[in-house]
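These are my notebook entries on a structure I consulted at the desk. I set down what I looked up, topic by topic.

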Amino acid sequence: MKHIGRAQTSLTNRQLAAGKGVFVSDIQRHDMTHMAVVRSPHASARIVSIDSAAAEAIPGVVKVVTGQEIKANMNPIFEAYDTEAMGAKGVVSYALCPERVRYVGEAVAAVVAEDKYTARKAADLVAVEYETTPIVSNTKAALEPGSPLVEPDWGDNILITRDFVKGDPDKAFADAEMTSSDEVYQHRYTGAALEPRAYMAEYDPYTEQLTYWASTQNPHPVRVFLAETLGIEESSIRVIQPHVGGGFGLKTPTFQEEPLVAYLARSLERPVKFVSERTEDLLVGGHAREMRLSYDVAFTKDGRITGFRAKVVADVGAPSALCGWGMSFVCAYSIPGCYKIENANVKLFSVVTNKCPWNAYRGYGKETASYLMDRVLDDVAAKTGRDRAEVRLKNFIPPDEFPYTQVSGANLDSGNYPGTLKRVLEMIDYEGFPARQEEARREGRYIGLGIGQELTPEGCSMPRSTLLGGYDGATVRVNPSGQVTVLTGITSPGNGNETAIAQIAADSLGVPFDQIKVIQGDTDICPYGLGNYSSRSVIMGGSAVQIAAKDIRDKMLKVAAKMLEVSADEVEVEEGQFSAKGAPARYVLFKDVASTVYRDCHGVAALEVEPGLESTRYFQHGNVYHQPETQGRFSAYPSWPNQSMAMIIEIDPETGHFDILKYCAVHDSGTVVNPLLAEANLHGGFLQGVGGAAHEHLVYDDDCQLLTTTFMDYTCPTAMEVPFFEVEHQETLSPFTPLGTKGVGESGVAGALSGLCSAIENALPHLDLRFTDLPLSPNAVWNAIHEAEEKRT
Amino acid sequence: MISQEFDFEAPSALPEALALLARHGDDATLLSGGMSLMPMTTLGLVQPGMIISLNHIAELDYVREDGNELRIGALTRHADVAADPLIGAHAALLAEAASLIGDVQVRNRGTIGGSIAHADPAANYLPAMLALGARLRLQSEAGERSVEAKDFVKGIMTTAIETGEMLTEIAIPKLAAGTGCSYQRLVRVEGNFAIVIAAAITEPGRKAARVGLGNVAPGPVLVDVSGHLGNGLDDAALAAIGDAAFDAAAEAASDLAGDANYRREMARVFARRAVQSATDAADAG
């Protein structure tokens, strides 16, 4: 393989670096209009009346639309999950709320105008009268008997529960040498893509075609959802994904504005564009994470875990059509991660409140599972007086026990967890650290080392979901001139997977890299596929490309063999040249073989093959089990990449401020197709992890009003907070993909969560600190230090 | 998005601007770099009826010496304040305060006059202005007056500037040779507003020292710590300086970046560090 494994720079670099990318907001159409949304200022209220007269009176306003019109003319928004198939409660929601609102920012009306300023100005003049109703502001209140209900029809505020059991936890605790218990909290935060959400639709009444441009990760599912919600045929919709300025899961469908824009374009017969503002994106663009996890752990005096119980209580916000709530399921599903615990029980309670609904965010609950397990392992280490790394090594699933079935039924494909941990400890000089720590201490500096262990299941496939499926498609087309066009159902949100796809295609066909052109993100052109999420682009899309390429290669080998006058199994192809094995001087060019197939189909060489050099194939990932009754288990994730990280921080005990001095990681996603882009992906993940651990926080007050609606208050880490990341790869191949690849896109976001807690604790051993709440803001860290100091004196 | 319409004027000379201000009074809002006004307008927090841009008034963009003072035009951009050789030589504390504002784009655009007149409790200049003993020149069509920096802020984003007046110049006494200064701030992420600011000056021979504190009260607070310098800067002196700052920060408020108690404690830490560091700087010559 010449290209797979090569650090190829991204194919999109030149265009994007020049500022010549085309995003939804760049697209201009003749006679285009702009939409602005009227949003609820209340977290829970009934809509009494809407008076749009003042808005309609403004010159330039084309239309004001309310929930009543939407309910009369559109179907409810199609759900990303089949909630019934998941055993979860579903919700009927519309592109605009017809009767009541359930979180601040929920859309109740919209204005279409000739320009965006007029649309916004008019939207502010739409007078909505509300009658407020009781608010469910947190999970504790939501679970109390007699609590107000977010969804009155549900009878309670619980969206889904699960109870995973393995072995005999009760006996394990009864027999335990030692036990410990604690509760950890993962706060609410989200991704902050540079490009906010943006949609645009245009309808041609003569061809009855709707063209829809979206900053989305999933063009084909969006088409299905639009068709279902609008009640029109899929074939009358073309969804185009132009460049996307970051997705992180948050640009998976379906938000209220997505079908709304399509509806308005159709009813007005004019193009309608919506570009979200930053404050809108922070308010309603999908939240994530907020979970409280309690645990009991039983272990031997030398730190081997014998029993474990965990309870996950997630605040998923108001229920919606989005796939976000699934993160709570996946969190519980992923516990206890990398560890072999024979007796365990994991309970899940997904609770709805009057906050912004969750949408998928990189990590998808797995990061919180990893955070929990890291805190548990650090707890066991502290209680037994054992080393943190030693305790992890003692409890890892051994490398020779894969595939390994976890507590939830999840089937872990392969892994070598001791390998990544031992290597990262070498990278950071774990053995030598105590001496360095002591030396720093003598200089009056406090440094600490933290470790974090991630397990990041990928390739999500959920039963009967239009969005989340364990397959994808690709077309490989060799043109008469020998150049190659690859069309994929997977898409790139800006992370460069088209480059990895081209590398796979080049090797699979045996052509030079620059002969490959990759086209993604157009439902009229590309084969059906589910787009980008769950780190699936290379494992699903890449595998589909490889299978399709093999069809073409096999056909061309036959033709080339005839041309070379040898048998097909005596021919090989590399870098655009078919040659006889062992006789490289005897060759025909790839382009000449292609030309022969297209131009000489009745000639000697091509007579016996079917004309054309095009194949569309689908890859179905193995290791997914949806039929417990026949397959004995339910397992939604086929691919289990893992990572060990270690960081050294310096803490200023007087202020609670810390700096990351060193950050090392060893990642294992099986075969790495492009180490440069894999590492770039990981850098982004690390940064989102550090942001989540220390800086980013969506804060609500008791009335469920969001207080962090700008980047001044929602503080993302900047270049100034970024340490230098040192990354290595271990390659433990997946037995379930043709190349041995596993997902990489979501890795890196978990390690820092507990890693930072652990590092600060380690820097101040005399204070016996224990962090269980995130984020670790300077104020929070100072409070913990201050409290510990008070206790000591 | 700014969806409300407003009238816009961009005079090219100061008298013209002052005349517009006199005519439109409180209905007019002055625009210089726009680093505060634009976001606030975008968020709908202010809805100006008229915006008068000062960006074409070249005569307000200057740094010059005038005897024992430096005079800085209100339209001087932060990047220019940070890089100006006169300011570097005679009021290094101010250069440092400017260099830590926002990010490169903000410093290239934002102006010293705009920031001071906006009087955000967390903004960088005012604590330094207090420590430096700056005077602010306020001009109107009717005349002009000078206000001490310490008398300038009346409350959160409320200043001594009256209707029809404009801040046009900042006058700063040149620091004597041997003066120590240090600008210290605690931030959650770089580029954001500070949680606490301490800007310290120690006079030659440690005859006097003062600390301007930021974001621990509705306005900047000046703490004179000269009385604690008697026996050099020993632990007791530093503790007393910290206590003085803690007491001076009694009005500290809580927000998302830090609670009131944390702010007061950080005032203690940063005042102490700033004085120590200013003294060290002076000793190092």
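**Entry 1. Nonpolar core.** I began with the largest nonpolar core of this predicted model, which holds 333 residues. I looked for the members that touch the most other members, and I noted A:Ala110, A:Val111, A:Ala505, B:Val211 and B:Leu213. I then asked which helix gives the most to this core. It is helix 17 of chain A, residues 537-564, with 15 residues.

I followed B:Leu213 further. Leaving aside residues up to four places away in sequence, I found that B:Leu213 touches, among others, B:Pro127, B:Ile197, B:Ala198, B:Pro220 and B:Val221. The list for B:Leu213 also includes B:Ala245, B:Ala248, B:Ala249, B:Ala267 and B:Ala271.

**Entry 2. Helix 17 of chain A.** I checked how far this helix is covered. Of its 28 residues, 23 are buried, and I recorded helix 17 of chain A as mostly covered. Just after helix 17 of chain A, I noted that A:Glu565 has a positive phi of about 60°.

**Entry 3. Three consecutive entries on strands 22, 23 and 24 of chain A.** I examined the pairing of strand 22 (571-574) with strand 23 (577-580) of chain A, and I found four bridges in the antiparallel sense. A:Val571 has A:Ala580 of strand 23 as its bridge partner. These two strands form a hairpin with two residues between them, and A:Glu575 in the turn has a positive phi of about 50°.

Strand 23 of chain A is also joined to strand 24 (583-589) of chain A by four bridges, again read as antiparallel. Here I noted A:Tyr587 of strand 24 as the bridge partner of A:Ser579. This hairpin has two residues between the strands, and A:Gly582 takes a positive phi near 80°.

**Entry 4. A three-stranded sheet in chain A.** I looked up an open sheet with the strand order 4-2-6 and antiparallel pairing. Strand 4 (100-101) and strand 6 (127-132) of chain A stand at the edges with a single partner strand each, so one side of each has no neighbour in the sheet. Strand 2 (residues 45-51) of chain A is joined to strand 6 of chain A by six bridges. Within this pairing, I recorded A:Glu131 of strand 6 as the bridge partner of A:Arg46.

**Entry 5. Contact between the chains.** I asked how many residues each chain brings to the contact. Chain A brings 25 residues and chain B brings 16 residues. On the side of chain A that touches chain B, helix 5 (116-123) and helix 22 (778-792) of chain A each supply at least two residues. Helix 5 of chain A has the largest share there, four residues. By class, I read this side of chain A as eight nonpolar, nine polar and eight charged residues.

**Entry 6. Domains of chain A.** From the domain assignment I copied domain 1 (13-133 + 194-246 + 251-284), domain 2 (370-455 + 635-792) and domain 3 (471-620). The centres of domain 1 and domain 3 of chain A, taken over C-alpha atoms, are separated by 39 Å. Their contact takes 16 residues from domain 1 and 14 residues from domain 3 of chain A. On the domain 1 side, helix 8 (219-230) and strand 11 (237-240) of chain A give two or more residues. Helix 8 of chain A has the largest share of that side, four residues. I sorted that side by class into five nonpolar, eight polar and three charged residues.

**Entry 7. Helix 5 of chain B.** Is this helix, residues 92-99, enclosed by the rest of the structure or open? Six of its eight residues are buried, so I recorded helix 5 of chain B as largely enclosed by the rest of the structure. The buried residues are B:Leu93, B:Leu94, B:Ala95, B:Glu96, B:Ala97 and B:Ala98. The elements of chain B that cover them include helix 3 (78-83), helix 8 (125-132) and strand 11 (180-187).

**Entry 8. A:Gln28.** I located A:Gln28 in the loop between helix 1 (13-17) and strand 1 (33-39) of chain A. A:Gln28 is exposed, with 9 other C-beta atoms within 10 Å.

**Entry 9. Chain A as a whole.** I noted 22 helices and 28 strands in chain A. Of its 793 residues, 59% count as buried. The radius of gyration of chain A is 28 Å, which agrees with the value near 28 Å for a compact globule with 793 residues.

Conventions:
Residues numbered from 1 in each chain as written. Chains lettered and ligands numbered in written order. Predicted model: local features only at pLDDT ≥ 70, side-chain atom pairs only at ≥ 80, totals over all residues. Contact = placed C-beta atoms within 7 Å. Nonpolar A, V, L, I, M, F, W, Y, C, P; charged D, E, K, R; others polar. Core = buried A, V, L, I, M, F, W, Y, C linked by C-beta atoms within 7 Å. Buried ≥ 20, exposed ≤ 12 C-beta atoms within 10 Å, placed from the backbone. Domains from an automatic or database assignment. Pairing = 2+ DSSP bridges. Rg over C-alpha atoms; globule rule 2.2 N^0.38 Å.
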